[in-house]
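Please look through the following model with its strands, helices and loops in mind. The paragraphs below it lead from one part of the chain to another.

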Amino acid sequence: MRVLGIDPGLQTTGFGVVDVDGPSLRYVASGTISTRHLGSTDLPARLKVLFDGIGELSQRYQPDAASVEIVFVNVNPQSTLLLGQARGACLTALVTSGLPVAEYTATQMKQAVAGHGRAAKDQVREMVRRLLELPGLPGSDAADALGLAITHAQVGRVRARLGQATTLQPRASGLYKGGRSR
């Protein structure tokens with residue numbers, strides 16, 4: 001399975017692509033989509049860059065699934081609103097590409113990658129480097145996106161194991177006679 005992770009941002013959106021084969025993870029690609037070259041007042045143009053960029057990534061890497069970070073609430077409501085719009089453009093591009101999308105909080109991603117939900121950015125970058133056996137540290141936005149892809153891979157393994165579990169059947173013993181309990 002190939003997973004595309006997206007760390008949405010209005011100025012810089014990180015992406016990471018990981019192949020998953022059972023417990024094995026293999027790095028495919030990572031990077032960022034930037035809208036910094038556009039004026040900060042041209043929101044529609046920035047959202048189009050994000051939408052088109054995510055669509056291009058979906059075509060190029062042909063992922064089977066995508067994972068996106070859930071927006072948290074900032075102290076600044078305007079920043080939260082702008083981030084939400086960037087996230088919406090990313091989600092729309094993924095859905096338009098026909099991808100199933102999973103969503104994870106930053107805390108869930110940090111827990112899955114670094115072992116605790118309050119891990120610092122540098123800890124996440126280092127763990128992503130180790131888990132994917134990268135020669136160097138990825139950029140911060142790309143590391144978060146790779147972390148989201150890794151999180152989805154781990155959740156997928158757990159779901160697969162749960163799907164293989166059999167349902168419990170009552171034991172045939174002389175202790176249970178049936179009927180009503182009191």
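In this predicted model, strand 1 (residues 2-7) and strand 4 run parallel and are joined by four bridges. One point at which to locate this pairing is G5, whose bridge partner in strand 4 is S67. Strand 4 (65-69) also pairs with strand 5 (residues 101-104), again in the parallel sense and over four bridges, and here E69 stands opposite Y104 of strand 5. Between these two strands the chain passes through helix 2, and the resulting β-α-β crossover from strand 4 to strand 5 is right-handed.

How do the residues of strand 4 point, and are they buried or exposed? A65, S67 and E69 point one way from the strand, whereas A66 and V68 point the other way, and all of them are buried. Because five of the five residues of strand 4 are buried, this strand is largely enclosed by the rest of the structure.

The loop that follows, between strand 4 and helix 2, holds F72. F72 counts as partly exposed because its relative accessible area is 45%, a value that lies between the 20% limit for buried and the 50% limit for exposed. Although F72 and A106 are 34 residues apart in sequence, their C-alpha atoms are 8.3 Å apart in space.

Helix 2 (residues 77-96) packs against helix 1 (residues 43-61) at an angle of about 35 degrees, with the two axes 8 Å apart, and helix 1 passes helix 2 in a right-handed crossing. On the side of helix 1, the contact is made by L43, L47, L50, F51, I54, G55 and S58, which meet L82, Q85, A86, A89, C90, T92, A93, L94 and T96 in helix 2. Sorted by class, this contact comprises eleven nonpolar residues and five polar ones, with no charged residues.

Two loop residues deserve a look at their backbone angles. Most residues other than glycine have a negative phi. Q62, which lies in the loop between helix 1 and strand 4, nevertheless has a positive phi of about 50 degrees although it is not a glycine. Q62 counts as exposed because its relative accessibility is 54%, and the cut-off for that class is over 50%. E133, placed in the loop between helix 4 (121-131) and helix 5 (140-164), likewise is a residue other than glycine with a positive phi, near 50 degrees. With a relative accessible area of 71%, E133 is therefore exposed.

Terms used
Residues are numbered from 1 along each chain as its sequence is written. This is a predicted model: local features need pLDDT of at least 70, side-chain atom pairs count only at pLDDT 80 or more; totals for chains, interfaces and linings use all residues. Side-chain values use heavy atoms; hydrogens and water are left out. Axes are lines fitted to C-alpha atoms, for helices over the stretch in contact, and angles run from 0 to 180 degrees between N-to-C directions. A crossing is left-handed if the near helix is turned anticlockwise from the far one by less than a right angle, and right-handed if clockwise. Contact means heavy atoms within 4.5 Å. Ala, Val, Leu, Ile, Met, Phe, Trp, Tyr, Cys and Pro count as nonpolar, Asp, Glu, Lys and Arg as charged, and the others, Gly among them, as polar. Buried means under 20% relative accessible area, exposed over 50%, partly exposed in between (1.4 Å probe, protein chains only). Two strands pair if DSSP finds at least two bridges between them. A crossover is right-handed if, with the strands pointing away from the viewer, the path from the first strand over the helix to the second runs clockwise.
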